[in-house]
Amino acid sequence: FADLVLETWDLQCERNGREHRTAEMGPRQLVVRRGQPFTITLHFSGRGYEEGVDKLAFNVETGPCPIETSGTKSHFAVTDFPEESGWSAVVQQQDGRSLSVSLCSPASACVGRYSLTLETSTGYQGASCHIGDFVLLFNAWHPEDAVFLRDEDERCEYVLSQQGLIYQGACDYITSTPWNFGQFEDDILSICLKLLDTNPKFLRDQNRDCSRRNDPVYIGRVVSAMVTVQTVGLHGAGAVQTRGWANLGLHGAGAVQTRGWANPGLGKPGAGQTWGSMGQEPCKAGPPVPGPRLTLPCLSAVMRCLGIPSRVVTNYNSAHDTNGNLVIDRYLSETGEAVRHSKDTIWNFHCWVESWMARPDLAPGYDGWQALDPTPQEKSEGVFCCGPAPVRAIKEGDLQLKYDIPFVFAEVNADVVYWVVQRDGSQKKSTHSSVVGKNISTKSVGRDSREDITHTYKYPEGSEKEREVFGKAEHEKSSLGEADEGLRLKIKLLEGANNGCDFDVFAVVNNTTEAERVCRLMLCARTASYNGTVGPQCGMKDLLNVTLPPRAEKSVPLRILYEKYGESLTQDNIIKVVALLTEYQTGDVVVAIRDVYIQNPEIKIRILGEPMQKRKLVAEISLVNPLAAPLNNCVFVVEGAGLTDGQQIKELEEPVAPHAEAKFRLDFVPRQAGLRKLMVDFESNKLTGVKGYRNVIIAPQPK
């Protein structure tokens, strides 16, 4: 027999992409999921493959120093049956000189970019040929993969969906922001792999790092730390300036932040200006500024891109407890202003990522959702990262388990106690103790609605099981029980607060005793950011003589004027209202705090034409200026994974007059079929961060 000579080959990127649900990553590269067979075709010259005469074998290698014992290299021959525990190759079909071979990795293989080499031999003669590279991902569809997720709808939502909703606003007024994770956009996979190859653990020991890339727990920890490092520069902390993430669909619809790091209308870098143009020195900056704007979708996108099911969750009234006593002490002056800086903080909301994975490193019972926080304010094992922390361990108070459970436990369980500092320096503890960890939210599977997952993090407030968990966590929650002084204080909002309008908030005071009470009531409103930072005062009322008859209720309004809050309103659209009620006879103080969310105008989106793949569509986009002043420097930013070619930026040439409509039309050609989100962001000098979206079902192109 003449030697078997390989002439050409076909990695069948398109077919394998469809079968492995990676087609959206592009038809020009082979991307497959571990544990699932993929097919390649070999074409030989002269003669075809003869079983029993010719021997075929493959080499796969990943990383700079592949070693068989580390799981980063494997040599395997073509056999009749697939190998269960290792790499395997099986002849699938032969047609003359063409041979189809089915290759399969173990479900526990290391993920990453592999080189693939074919070895042919006939008798004593042999040859070797490098036939290409491929990328191996985690596989949520394989029952033996550590990230296996049983429900198909959940796999579609948490691995394949490129769009989602992130919940923001305030505990009493939850808002959703459309977000484009864009994990299948051009170059994102290469960036994610580059992220792994520049992490400090890889730089210290390349072999050990690559050998551990079979473990989603390890990957989650590495990615959390790296995303923290790579986005810190965007918050001005002096770290690496990651121009790449800015325009790669890793943040919200045109999350151009005129008051943040980017300016719409100045143009944004394309996908080519990513890691290639970034400095890659290790980041030595301090902790990143917390917040979901870039790090969260970035982390979720990287995890989904690598095949690990992930979702963004939002915790309202989120605590950051620096000393571990599960108590957040806040100090207020008699006029409600914060005095005495405390390292302990409470944020209106804080977001993190949950990823689904097995935890074989822990006792049984902790598989499932794991919390990963890419914006921690504390170091974990010397690095700014947090997690993966099993959500089940947080709920049960198992603080000793890996990783960083006490930090997340405090975020959802700490108590907040307000101390009012008197003029003479003495402190009066408020009879009000606010509870953190409210309305923990994530996007529902397959629907644009909110799913409340608070019950996965904590038992019902005041239940016996909750007390048991706190006992296990070595903290006596009941020691903070509120004293009942017979006075109740709440802040109410009767109707929505719209941007550009004046509105009223009400302090509602109840006297639940049989005696008359004489009090001082102080109401103060300030603009605020999601992390609790407050701006200038925009409303104030100080009533020195409020008389409350027995069993009486009194409602006191505070008018908040747009002319007072408009200039200092942040893009979080929050006004923090503080009420202090001081009873003269006893000196008792009651505190009430409420975050009022200022509603932006609606962006209206009309789709004109029949939505079909590769056929032109027109979007008509409009917004009414709600202010009594013109809007200048107006910019619309439109994007949608599979719909638009990156971000489409429309700068309006003329100002938008008071109460006038801004409108424009955008032509686009959908590239991919299925349910898609067209997301719009509007920015201007006086109205920022206005977001809207529309779901569009794109019919497949007729064949």
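1. Let's start with the second largest pocket of this predicted model. Two helices, α1 (13–19) and α3 (188–197), each supply at least two residues of its lining. Helix α1 gives the most, with four residues.

2. This second largest pocket has a volume of about 1200 Å³. Its lining is made up of 40 residues, and if you want to find the middle of the pocket, look for A23, E24, G26, P27 and Q672, which lie nearest its centre. By type, the lining residues divide into 14 nonpolar, 15 polar and eleven charged.

3. Next, the enclosed spaces. Rolling a probe the size of a water molecule over the atoms shows where empty space is left. The structure holds four cavities of 30 Å³ or more, and the largest of them has a volume of about 80 Å³.

4. Which residues line the largest cavity? They are E157, Y158, Q163, G164, L165, F181, R304, R311, V312, T442 and K443. Helix α2 (152–160) and the strands β10 (163–170), β12 (310–320) and β19 (438–443) each supply at least two residues of this lining. Strand β10 has the largest share, three residues. Sorted by type, the lining of the largest cavity contains four nonpolar, three polar and four charged residues.

5. Now for a feature that comes from a record. The UniProt annotation "binding site", from an unreviewed entry, covers N413, D415, E461 and E466. These residues span 54 residues in sequence, yet no two of their C-alpha atoms are more than 13.6 Å apart, so they gather at one spot. It is worth selecting the four annotated residues together in your viewer.

6. Is N413 buried or exposed? N413 is found in helix α10 (residues 405–413). Its relative accessibility is 4%, and buried means under 20%, so N413 counts as buried.

7. E461, another residue of the annotated set, has a setting of its own to look at. E461 lies in the loop between α11 (454–457) and α12 (464–472). With 37% relative accessibility, E461 falls between the 20% limit for buried and the 50% limit for exposed, and therefore counts as partly exposed.

8. One contact of E461 is also worth a look. Which side chain does E461 meet in a polar contact of 3.2 Å? The partner is K458, and the contact joins the side chains of the two residues.

Key
Residues numbered from 1 in each chain as written. Predicted model: local features only at pLDDT ≥ 70, side-chain atom pairs only at ≥ 80, totals over all residues. Heavy atoms only, no water. UniProt positions renumbered as here; feature names shortened; annotations may be inferred. Buried < 20%, exposed > 50% of the residue type's maximum accessible area, 1.4 Å probe, protein only. Polar contact = N/O pair within 3.5 Å; in protein donor to acceptor, adjacent residues only side chain to side chain. 1 Å grid on protein atoms, 1.4 Å probe; cavity = no way out; pocket = protein on both sides within 12 Å on 5 of 7 lines; lining within 4 Å. Points joined across faces, edges and corners; volume = space filled by probe spheres on them. Nonpolar A, V, L, I, M, F, W, Y, C, P; charged D, E, K, R; others polar.
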